[in-house]
Amino acid sequence: MWYHKPAINEELLQSLPNLKVVASSGVGIDHLDLKLLSRYGVKVSNTPFIVSTDTADMGMALLLASSRRLVEGHEMAVSPDTEYFPADWLGVEVSGATLGIVGMGTIGYKVAERAKAFEMKILYHNRNQRKKEEESAVGAIYCKKIDDLLQQSDFVLLAVNLTPQTHKLIGKRELELMKPTATLINISRGLVVDQDALVEALQNKVIKAAALDVTYPEPLPRDHPLLKLKNVIITPHIGSATNKTRWVMMEEMTESIEAALAGLPIPREVL
């Protein structure tokens, strides 16, 4: 499966009685009905670890691009209407700012490692608290309640899996808890955020900006209000989109398929 295609539904499974495995690219499996696949005796694999480094890089890239207004700056620099660069055109400091990471798995932790190099203060919210030595290595402070993280952070970065518990995790209430100077960064899944509430929050300056590598749907309808806002950066779900990573993802998917066909343990099987 690539980009969630083909759709794995009952009709497809009935038409493929000899199917042994579904190898899905990337880490997210929210597009798969694991119970349905199990009922048909079909195993599932993904490629969770190889994508983490590039996705963490993407998170930091979005944070930096949004804080320093790189997209707007580029448009100004190349515009045929630009006669001078205004002296009061300013961005936001990253060094010393507070980054709140929601979801401190492999990707979230790699973001924290990068943020430490930018001298950021790091808060995180996770189902489980990390080991003390892991926290100390990046200077991260655990927030048991997400509300505490939202209220204190200058940048809130989402790196959670999409599950029933994280569906629209960030809604109107959570956005109103954030600072009016804060930026929301999403490198997880579009449905982790209530998109209508986000549009309203950005239009009404409840928060300062958003930087999104994921939306719902993808791509957004061309008339969607998010596409018209100056304080939003949207990229086309390219967190893992580098030559090396995509090549290794293909290799890992092939390994899983070959193992399943040979009746061997499947590397990176989703249980």
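Start by selecting Thr-245, Arg-246, Val-248, Met-249, Glu-252, Met-253, Ser-256, Ala-259 and Ala-260: these residues of helix H10 are buried. Look down the H10 axis and you'll find its buried residues within an arc of 165 degrees, so they line one face of the helix. Keep in mind that you're looking at a predicted model.

Now flip to the other side. On the face of H10 turned away from its buried side, pick out Asn-243, Lys-244, Trp-247, Glu-258 and Leu-261, which are exposed.

What do the buried residues of H10 pack against? Color strand E1 (21-23), strand E2 (43-45) and helix H3 (52-67), and you have the partners.

Next, put a distance on the ends of H10. The helix runs over residues 243-261, and at 1.5 Å a residue its 19 residues should span 27 Å; the end C-alpha atoms are 27 Å apart, so the two agree. Step just past the helix to Gly-263 and check its backbone: phi is positive there, about 75 degrees.

From H10, hop over to H3, one of the elements its buried residues pack against, and bring up helix H5 (residues 106-117) as well. The axes of H3 and H5 come within 8 Å and cross at roughly 50 degrees. An angle between 35 and 65 degrees counts as oblique, and H3 and H5 are therefore oblique to each other. As for the hand, H3 passes H5 in a right-handed crossing.

To see the contact itself, show side chains in two groups:

- From H3: Ser-52, Thr-53, Thr-55, Ala-56, Asp-57 and Met-60.
- From H5: Thr-106, Ile-107, Lys-110, Val-111, Arg-114 and Ala-115.

Definitions and conventions:
Residues are numbered from 1 along each chain as its sequence is written. This is a predicted model: local features need pLDDT of at least 70, side-chain atom pairs count only at pLDDT 80 or more; totals for chains, interfaces and linings use all residues. Side-chain values use heavy atoms; hydrogens and water are left out. Helices (H or I, at least four residues) and strands (E, at least two) are DSSP runs, numbered from the N terminus. The expected span of a helix is 1.5 Å times one less than its number of residues. Buried means under 20% relative accessible area, exposed over 50%, partly exposed in between (1.4 Å probe, protein chains only). The arc is that of the directions from the helix axis to the C-beta atoms. Contact means heavy atoms within 4.5 Å. Axes are lines fitted to C-alpha atoms, for helices over the stretch in contact, and angles run from 0 to 180 degrees between N-to-C directions. Angles under 35 degrees count as roughly parallel, over 145 as roughly antiparallel, 65 to 115 as roughly perpendicular and the rest as oblique. A crossing is left-handed if the near helix is turned anticlockwise from the far one by less than a right angle, and right-handed if clockwise.
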